[in-house]
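Q: Could we go through this structure together? I have some short questions and will jump between topics.

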Amino acid sequence: MPLYHNDDQAMLKDSVAPFVAEQAPVSHLRKLRDSSDATGFSRDLWAQFTEMGLPGMLVPEEHGGLGMGHLEAGIVLEEIGRNLTPSPFLSTSVGAVAALAKAGGTQAGRWLPAIAGGEAIVALAIDEGAKHRPDRIATTATRSGNGFRLNGKKSFVLHGHVADMSIVAAKTDGGITLFAVPKDAKGMTADPRRLVDSSLASHVTLDGVEVDADAVIGEVDAGGDILDALLAATRTGAAAEMVGVGQGAMDMTVTYLKERKQFGKLIGEFQGLQHRAAHLYGEMEVARATVMKAQQLLDEGSEGARLMVSVAKAKAGRAANLAVREGVQMHGGIGMTDEYDIGLYMKRDRALAEYMGDVHYHIDQVARMNGY
Amino acid sequence: MSNLDAFRAEVRAWLEANCPPEMREPVRDEDDICWGGRKFEFKNAAQKQWLERCVEKGYTVPDWPTAYGGAGLTPEQTKVFKQEMARIKARPPLQSFGIWMLGPALLKFGTEEQKVHYLGQIARGEIRWCQGYSEPGAGSDLVSLQTFGEEVTDPVGGDHWVVNGSKIWTSYADKADWIFCLVRTDKTNKYQGITFMLFDMESEGVSTKPILLISGNSPFCETFFDDVKVPKDQFVGEVNRGWDVAKYLLGHEREMISGGGAGGDMISVGALFAKSLGLNANGELDDPILRAEMAAFDTDVFAYRAMGERFMDMWKTGRAHPASSNMMKYVGTELNKRRHELVMAGGGADALEWDSDESKGGARARSWLRTKANSIEGGTSEVMLNVIAKRILDLPGA
């Protein structure tokens, strides 16, 4: 398969890009931020997403979704990134759907149609500390009566305080098990924190939370593969969103270089800035290709996807980071002001860079996967 | 899709039957590369056989039309062919500037006679070409070139043009049979005063002198022209319109540099040193900072590999920005330089040896030094950035 969007994907982009740009441009984020919105996203916008079928893009058709792939979801995520749109799309429609679809069974039957119908927001309760360490999960699930009792602390749980269900990764006797913990579960508390990008992420405490045996996503002790599917999808999705953030920042900056005058010249005439902008262009193009390759390999179910997902998260992280840093620097003083949007791009990039493993984490993974 | 699958099966079977086992070994040194040409001596029977079998099928230039020695493959088929070649690690049967650079320019600008004649020779590996572009006073500012050609009316020998001047950095001029050369034919018109000429390096008045480089090798020459006669039917395109051909060809040169050699052979540099540097108890390369740099580099290499695939897919189907080969060249060559810095760091003192047998005649050190030219030849990194700024980002005054 060639590594560019086919006609259907190009059409999807042609409908999604203007939709997001019109309904949820950066001013939409500002409005939510300035009103200290407590939800973290607009439910009206989510209803509009639902009208277009977007929440269920990755949901298999038998569960009421569109049965599309990561390449298609990436198109939506790039536009979300470009417009800095606050949205539960990544956690709910990408990460949670990947886990539920992989696992199948009761929880898939219950939640996938609800996600596709725009009725359920799902949070991913994976991380437990300041850094992403999914191989060191300390939250425990012990057998109790007909089900399990969960104990532990989760952090960086986006939308955790409003989620209808949280996917909780916990240690069981023989491995990792994923649980679908419903909103009102007794003993689960979500403490939302406002992050630098104005999003809300919760510290979630699980204090003897009782769940039924059928809350298990997939099989007991066999959550490792499902967690891997969740992580691969979410990381690739975050990388796609970062490509959007980086591209948005770069486009805004290149435009500024053509407008701002100093020393009697457009600053874009200075070779010192031209070369940096051209270098950034190359990095962004490479990041875009890498993310598309990871999406393609995930859609094909290829063995090579694991490596490429880490490469994509790391490369998109590096490129988008360069885009926002150069963006602020080349905007000069106004780049430091709240009034201009470029700083908002820097903030969103920082949060996405950290989500589900930062550049350093994934470069380390690349080394491990290559035997060193 | 099923047609493509059938094609894949056909190519796979053909390669299995026709690619000699020796031609599936990695290329160890310059002798392993088949450049073709009048002076070329095959290293062994397998190299000769592999070339002949491929020539017969048109597989030295699979995407060229069959009338000009190719196999007439579509872009999709060419990709499959390359994947199948890579699957068995088959060496390219033939490499040449004719294939990478002159060929595409002739396909676009050549007359039918030129195509049949020159492209056929290139496809069959009969003529080895070199490139006469740079001059001592015209490097990055190529359009300032001074090598001059003027028309001579000759009632006895026939009308022709006479060329005088010199070129520099002519790759393998001492081994090449013919040269494609930029010659000024109008001193009053900078861009529309250059003609693209082809001539035999054995023509009277052509001489070459190898240039010793920091690597201790001499892959480049100075080339001198002293009243060299060139008939007009050896011009590509019209008189004074050679810059169009030259620019088109440079695009392909950048495509070749970025698609082929850039980023090295694309394998993990960290994996390469896992053995020699050793692993610690956690299975990590036992030199944490070097490990981190190698891992960051490998990440960029794998990313660039995806970029290479996307670029070729888009380039071959006319979807790529015409200037995007400049970006590929820039990113790829900078990456390759970085690879060789890491190879030297990983090799430590052993990699410093210049002529010992153990070091294969200083192979690592010489390659490391050679790669410094990657971001100079075929357009410097700085020129690439200028082109991106101007043609892709549309920045003012660039």
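Q: Let us start with chain B. What percentage of the residues in chain B is buried?
A: The model is a predicted one. In chain B, buried residues account for 43% of the 398 residues.

Q: And how many helices and strands does chain B have?
A: Chain B comprises 11 helices and 8 strands. Its radius of gyration is 22 Å, close to the 21 Å that the globule rule gives for 398 residues, so chain B is as compact as a globular protein of that length.

Q: What box do the C-alpha atoms of chain B fill?
A: Taken along the principal axes, the box is roughly 85 × 50 × 45 Å.

Q: What about contacts between residues distant in sequence in chain B?
A: Considering contacts in chain B between residues at least 6 apart in sequence, 68% join residues at least 24 apart.

Q: Now the other chain. How many helices and strands are in chain A, and what percentage of its residues is buried?
A: Chain A contains 11 helices and 10 strands. Of its 372 residues, 56% are buried.

Q: How does the radius of gyration of chain A stand against that of a compact globule?
A: The radius of gyration of chain A is 21 Å, which agrees with the value near 21 Å for a compact globule of 372 residues. The C-alpha trace of chain A spans about 80 × 45 × 40 Å along its principal axes. Among the contacts in chain A with a separation of 6 or more, 74% are between residues 24 or more positions apart.

Q: Which domains does UniProt place on chain A?
A: An unreviewed UniProt entry places "Acyl-CoA dehydrogenase/oxidase N-terminal" at residues 7-119 of chain A. UniProt, again in an unreviewed entry, places "Acyl-CoA dehydrogenase/oxidase C-terminal" at residues 227-368 of chain A.

Q: What is the helix and strand content over those two ranges?
A: Residues 7-119 of chain A are 67% helix and 0% strand, with the end C-alpha atoms 30 Å apart. Residues 227-368 of chain A are 78% helix and 3% strand, and there the end C-alpha atoms lie 19 Å apart.

Q: On to the interface. How many residues of each chain are in contact?
A: The contact involves 33 residues of chain A and 34 residues of chain B. On the side of chain A, helix 7 (223-257), helix 8 (271-300), helix 9 and helix 11 each supply at least two residues.

Q: Which helix has the largest share on that side?
A: Helix 8 of chain A does, with 13 residues. The side of chain A that touches chain B divides by class into 19 nonpolar, 8 polar and 6 charged residues.

Q: Staying with chain A, at what angle do helix 9 and helix 11 pack?
A: Helix 9 (residues 305-331) and helix 11 (residues 359-369) of chain A pack at about 145 degrees, and their axes are 8 Å apart. Their crossing is left-handed.

Q: Which residues meet there?
A: From helix 9 of chain A, the residues include Arg306(A), Leu307(A), Val311(A) and Ala314(A), and from helix 11 of chain A they include Val359(A), Ile363(A), Val366(A) and Met369(A). The residues of this contact comprise 7 nonpolar, 4 polar and 3 charged.

Q: Where is Gly304(A)?
A: Gly304(A) is in the loop between helix 8 and helix 9 of chain A. It counts as partly exposed, with 14 C-beta neighbours inside 10 Å. Gly304(A) and Met252(A) are 52 residues apart in sequence, and their C-alpha atoms are 35 Å apart.

Q: Back to chain B. Is Lys39(B) buried or exposed?
A: Lys39(B) is exposed, because it has 11 other C-beta atoms within 10 Å, and the cut-off for exposed is 12 or fewer. Lys39(B) lies in the loop between helix 1 (2-18) and helix 2 (45-57) of chain B. The C-alpha atoms of Lys39(B) and Ala176(B) are separated by 8.0 Å, with their positions 137 residues apart along the chain.

Q: What is phi for Lys89(B)?
A: Phi of Lys89(B) is near 55 degrees, a positive value in a residue other than glycine. Most residues other than glycine have a negative phi. Lys89(B) sits in the loop between helix 3 (75-87) and helix 4 (97-109) of chain B, and counts as exposed with 11 C-beta neighbours inside 10 Å.

Q: And where is Asp227(B)?
A: Asp227(B) is in strand 7 (residues 220-230) of chain B. Its phi is near 55 degrees, a positive value in a residue other than glycine. Asp227(B) is exposed, having 11 other C-beta atoms within 10 Å.

Definitions and conventions: Residues numbered from 1 in each chain as written. Chains lettered and ligands numbered in written order. Predicted model: local features only at pLDDT ≥ 70, side-chain atom pairs only at ≥ 80, totals over all residues. Axes fitted to C-alpha atoms, helices over the stretch in contact; angles between N-to-C directions. Helix = DSSP H or I, 4+ residues; strand = E, 2+ residues; numbered from the N terminus. Left-handed = near helix turned anticlockwise from the far one by under 90°. Contact = placed C-beta atoms within 7 Å. Nonpolar A, V, L, I, M, F, W, Y, C, P; charged D, E, K, R; others polar. UniProt positions renumbered as here; feature names shortened; annotations may be inferred. Rg over C-alpha atoms; globule rule 2.2 N^0.38 Å. Buried ≥ 20, exposed ≤ 12 C-beta atoms within 10 Å, placed from the backbone.
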